[in-house]
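Work through the following exercises with the sequence and the coordinates open, and try each task before reading its solution.

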Amino acid sequence: MSRVPERSIKERWEALDRKRELYLERARACAAITIPTLLPPKNHTEQEPMFQQYSSVASRGVTSLSSKILSVLIPLNDTPFFKLGLKNGRSPELPIAEYLEVLSQQIYRKLLGKNMRDAIYLALQHLIVTGNALIIMDNDFSFRVIPLDQFVIRRNVQGDVKEVIYVEYLSKPNDEKVDESRFFQHGENDQDGFDSVYIRITKEEDGRWFMEKELDDDVIESGYFDVSPFIVLQWTGVANEDYGRSHVEDIYGDIMTLEAYSRSMVQGMAASSTFFMGVDPAGLTELNDLSKASNGDWVPARQADVYVISPSSTMNPQVQVSQAAVETMRREVGSGFLLQTAAMPTGDRVTATAIRAVGNELETVLGGTFSAIARDLMEPLVRRTILLMINNNEIDARMREQFDQEDGLLAIEITTGLQALSRESDLTRLMQLGEMARNLPEWANMMFRWDEFGRALILSLGFDPKLWVKTEEEVMQADQAKAQAQQQMQMQQILAQNAAGVAANAANKDISETGGKNIPPEAINQAMQMFGLGG
């Protein structure tokens with residue numbers, strides 16, 4: 001592939017933009033019935049009102065599903081969502097494993113230092129609603145999310161991204177007095193008061209990424225990336241298509257049905273709540289007497305002439321049917337978004353185990369999405385972070401070769417999905433192993449490697465085992481010190497016993513020689529000092 005296009009990047013953008021038009025229309029339609037601000041209509045400005053839905057179930061579903069996926073991808077337990085291991089699949093030796101664990105903690109803390117969680121949460125919303133999103137990781141470890149109306153892509157038949165073009169808007173330096181009537185129009189390439197910069201990224205045959213920026217048909221910047229900071233995501237890929245399909249598009253019919261039933265229910269309830277006061281025109285009651293009277297006044301009227309006109313009595317069956325239909329569609333749409341209310345069984349005797357089982361069953365529906373995001377998002381983020389930390393001298397430069405995708409020895413394993421919520425599954429298995437080991441016979445318990453068990457348990461919790469588990473040398477030194485202390489205590493006891501015996505014999509001898517007279521205290525203290533027992 002030629003690094004320099006035969007035509008300008010803007011012309012290339014316009015050519016790819018025509019292929020994107022149908023996807024944009026579908027994405028805007030999906031955003032209109034969920035969260036319209038994710039992808040506003042074309043030429044929409046901030047002064048124009050957004051489309052208001054009759055039902056907020058789909059909007060809450062997008063928010064809930066995004067939060068659930070984010071909690072699985074990046075749990076809030078300060079444990080890395082990835083593991084560093086050997087590429088050959090073997091388990092590294094304990095010193096290497098401990099070093100890789102500390103290194104993963106260092107990389108993870110660096111990733112969380114900026115707005116990674118916020119950007120991924122927003123990107124997940126774009127994926128669920130529009131099916132596509134572009135994340136940019138800058139050199140300062142900050143993240144940006146580019147919506148679908150600001151980038152175009154091209155993939156090969158295998159679905160790999162080969163070309164990306166997106167637009168950035170820079171304020172004009174000499175445009176100090178901007179007309180207040182001009183506003184940013186979504187979906188437009190040329191904006192008043194801004195310079196449109198077109199950035200094109202292409203993948204070379206050697207695996208590197210070539211980037212060039214164009215302003216007014218002039219290339220202002222170009223360069224290569226070993227690890228691309230531009231990450232293109234899609235919710236569901238379709239063979240031979242450049243853009244992905246969204247989750248909302250899959251359940252679009254249910255959402256539209258819920259919207260129609262909700263509108264019918266709201267309008268029916270509004271109509272049934274209206275009423276009018278009627279007066280028999282052939283009766284004795286005068287309409288003017290009633291209309292001009294204040295509350296509590298006396299009026300000449302006959303009870304049979306005055307009555308209430310309300311359509312509620314005839315419309316209640318229709319409103320009840322609409323309410324039942326709305327409740328049914330709410331459950332359908334809620335289950336499509338894995339809302340908690342949809343996953344909760346009903347009944348008088350519902351146990352926590354039953355609720356958890358239903359929730360786990362619903363979570364497994366999105367297993368393919370987890371694997372795709374792990375491949376396309378999480379691993380490139382970790383590799384990009386490692387490269388930036390090596391360039392900033394925060395990681396040993398010799399690790400660059402070890403993380404090379406072709407010749408390196410180390411691999412990055414992303415732990416996502418229901419069965420790998422961080423490393424809680426490993427912790428659970430280790431706790432089960434500990435309970436089994438405690439119930440072993442005494443001779444078998446003595447053969448169990450409790451030191452290795454402790455290191456593995458602390459590693460699963462995300463801590464450094466060196467700070468908590470002693471080495472064999474430290475244990476031997478502690479045992480030797482304890483034995484020496486016991487020997488010293490035994491020697492002191494023996495000396496004390498001998499000294500007491502000698503003192504008793506000397507006292508008896510003095511008593512017999514002195515005829516039972518008292519021994520002076522000075523003599524006793526002198527005798528005790530001879531045996532090291534006195535002050």
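**Exercise 1. Count the salt bridges of this predicted model, then classify the partners in the pair E163 and R154 by exposure.**

Solution. The count for the predicted model comes to 18 salt bridges. One of them joins E163 to R154, with the closest N and O atoms 3.0 Å apart, and that distance falls within the 4 Å allowed between a side-chain nitrogen of Lys or Arg and a carboxyl oxygen of Asp or Glu. For the exposure step, buried means under 20% relative accessible area, and partly exposed covers the range between this and 50%. E163 has a relative accessible area of 1% and is therefore buried, whereas R154, at 25%, counts as partly exposed. The pair also belongs to a wider arrangement, a network of salt bridges that links R12, R154, E163, R200 and E212.

**Exercise 2. Compare the salt bridges K213 to E221 and E249 to R245, and state how exposed E221, E249 and R245 are.**

Solution. Begin with the distances: the side chains of K213 and E221 meet at 3.6 Å, N to O, while the closest N and O atoms of E249 and R245 are 3.2 Å apart. Turning to exposure, E221 has 40% relative accessibility and counts as partly exposed. E249, at 23%, is likewise partly exposed, and R245 is partly exposed with a relative accessible area of 21%.

**Exercise 3. Trace the pairing of strand 6 with strand 5 and strand 7, and find which residues stand opposite I201.**

Solution. Strand 6 spans residues 194-203 and is mostly covered, since seven of its ten residues are buried. Towards strand 5 (residues 161-171), the two strands run antiparallel and are joined by nine bridges; here V164 is the residue that stands opposite I201. Towards strand 7, the pairing is again antiparallel, with seven bridges, and the bridge partner of I201 is M211. The hairpin of strand 6 and strand 7 has five residues between the strands, and in this hairpin G207 takes a positive phi near 95°.

**Exercise 4. Locate the patch of negative charge on the surface, and decide whether D216 is buried or exposed.**

Solution. The patch gathers E11, E14, D216, D217 and D218. Of these residues, D216 lies in the loop between strand 7 (209-215) and strand 8 (218-225). Because its relative accessible area is 61%, D216 is exposed, the cut-off for that class being over 50%.

Definitions and conventions:
Residues numbered from 1 in each chain as written. Predicted model: local features only at pLDDT ≥ 70, side-chain atom pairs only at ≥ 80, totals over all residues. Heavy atoms only, no water. Patch = residues over 30% accessible without salt bridge, like charges linked within 9 Å, V, L, I, M, F, W, Y side chains within 5 Å. Areas by Shrake-Rupley, 256 points an atom, 1.4 Å probe, with all protein chains shown as cover. Lys, Arg positive; Asp, Glu negative; His and termini not counted. Charge placed at Lys NZ, Arg CZ, Asp CG, Glu CD. Helix = DSSP H or I, 4+ residues; strand = E, 2+ residues; numbered from the N terminus. Buried < 20%, exposed > 50% of the residue type's maximum accessible area, 1.4 Å probe, protein only. Pairing = 2+ DSSP bridges.
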